[in-house]
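Work through the exercises below with the sequence and the model open. Each task is followed by a solution in steps.

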Amino acid sequence: MKFGKKVAFYTLGCKVNQYETESIKKQFLEEGYEEVSFQEKSDYYIVNSCTVTSIADKKTRNILSRAKKLNENSVVIVTGCYAQTDGETLLEKDYIDYVVGNTNKTDILKLARSIDEQKETEKVVSHNIFDDHEYCELEFATMREMSRAYVKIQDGCNEFCSYCKIPFARGRSRSRKLDSILTEVEILTGEGYKEIILIGINMGVYGEDLEEGKNFEDLLEAVTVIEGVERVRLGSIYPDKINDRFIDIMANNSKMMPHLHISLQSCDDEVLKLMKRKYGTELVKDRLLGLKEKVKDLEFTADVIVGFPQEKDENFQNTYNLIGEIGFSNLHIFPYSDRENTVASRLSGKVDGNDKKTRTKKLESLRKEMEDLSKEKNIGKKTKVLVETIKDGYAYGYTENYHRIKMIDSGYKVSEIVEVEIYLEEGKLYGKETEKI
């Protein structure tokens, strides 16, 4: 036991990071540390960082600086993607005590033990991420969001897109053993979780590095047959990882929820080539429209980069037009920013900041139009909602195609699945109960 030692956690970035924080937290709690809010005085502040954009880097530095101000005698540890790619630079900041890369995330408790015992310790704990060839198993401490649970199936990425630092932060693709994934899902369903969300850095390549002979589609089929699993969602997928078998599973397996988040980035062939994406717009159009044709009530959300180097007005317009043709219920729009040591950062033809703002604003207007249209299409439909929260006389949850619904509380319970008829009021979707499932 650590005799009252306190620890606070802060996570930036993706669901994978959040999942990993939960595993680190479990280790500390089992050791006897007391978790406190990140706004409170603590002995340890552990920040799991993101480096996908320059804004994420800045947010990480601000959080770390805030931690040391809360307790100048605390031990501030930064881990995660930013720690992996820029560890030595981060250590130059006087508000950071230790840097632990993604390669050594599971050793943070070990580091804290050494600090508590006043042993001499390295200030930077990390090694070359590309030396990691197998998936690093974490203690089962799955991230839960009320009635939903996340399960990490894969880490790393082999794509090396020209704008992206993630392969340097996460390494090459490494798949988790199928049996390990299925065991965790079984544990979660035994605890009452009905919806499983599979997450990873590039999930579509799952299994390619394993000797088991299983691929992503095999995994989906294996998860959906586990007793107690009623809904399966996916964190994100690349367009070129959507094959005919995947489409068939989405269309014919009722447990696969009709919503996909697409790592889109652009819908222009010239820009996709500059991004070093391994497909063109014809594939994007074919796969996504093919999915919409076969999967009832399917909704897409997506990530899009605006103002990539050498993106001209006509390139942007191509992206704008195809996004509008396919139809998305929401977009995450990112104005391009250079990431150090990436190929894109060395490209000529940087887009003027005002042009990026103009294009972002135009795409944001389209996003709002598509969101409104998507809501209108769902009016009057009956759909199943998994109750996630209950507050102030209302229950909230997501439809199968990932629309957030507000319902008058009729004695609902969290994790209960109810069927509702959708109606629109003041721009928000509501559900009128038809029956409990």
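**Exercise 1: Salt bridges**

The side chains of D155 and K152 meet in a salt bridge, with 2.9 Å from N to O. A salt bridge here is a side-chain nitrogen of Lys or Arg within 4 Å of a carboxyl oxygen of Asp or Glu. The model is predicted, so local features need pLDDT of at least 70 and side-chain atom pairs count only at pLDDT 80 or more, while totals for chains, interfaces and linings use all residues. Residues are numbered from 1 along each chain as its sequence is written, and side-chain values use heavy atoms, with hydrogens and water left out.

Task: place the pair D155 and K152 in its surroundings, and give the count of salt bridges.

Step 1. Both D155 and K152 are buried (buried means under 20% relative accessible area, exposed over 50%, partly exposed in between, with a 1.4 Å probe and protein chains only).
Step 2. D155 and K152 belong to a network of salt bridges that also links E20, K105, R170 and R174.
Step 3. The count by this rule is 38 salt bridges.

**Exercise 2: Two pairs compared**

Task: for the pairs K241 with E159 and R245 with E221, state where the residues lie and whether they are buried or partly exposed.

Step 1. The closest N and O atoms of K241 and E159 are 4.0 Å apart, in a salt bridge. K241 sits in the loop between β12 (231-234) and α9 (244-252), and E159 in the loop between β9 (154-155) and α6 (166-170), so the pair ties together parts 82 residues apart in sequence. Helices (H or I, at least four residues) and strands (E, at least two) are DSSP runs, numbered from the N terminus.
Step 2. K241 has a relative accessible area of 17% and is buried; E159, at 10%, is buried as well.
Step 3. R245 and E221 form a salt bridge with their closest N and O atoms 2.9 Å apart. R245 is in helix α9 and E221 in helix α8 (residues 216-224), 24 residues apart, and the pair links distant parts of the chain.
Step 4. R245 is partly exposed at 30% relative accessible area, and E221 is partly exposed at 35%.

**Exercise 3: The open sheet**

Task: give the strand order of the sheet of 6 strands, and describe the cover of β4.

Step 1. The order is β2-β1-β3-β4-β5-β6, with parallel pairing, in an open sheet (two strands pair if DSSP finds at least two bridges between them).
Step 2. β2 (34-35) and β6 (124-125) are the edge strands with a single partner each, so one side of each has no neighbour in the sheet.
Step 3. Strand β1 (residues 6-11) runs parallel to β2 and is joined to it by 2 bridges; V7 stands opposite E35 in β2.
Step 4. Strand β3 (residues 44-49) runs parallel to β4 and is joined to it by 6 bridges. The bridge partner of I46 in β4 is I77.
Step 5. In a regular strand the side chains alternate between the two faces of the sheet.
Step 6. In β4 (residues 75-80), 6 of 6 residues are buried. V75, I77 and T79 are on one side, and V76, V78 and G80 are on the other.
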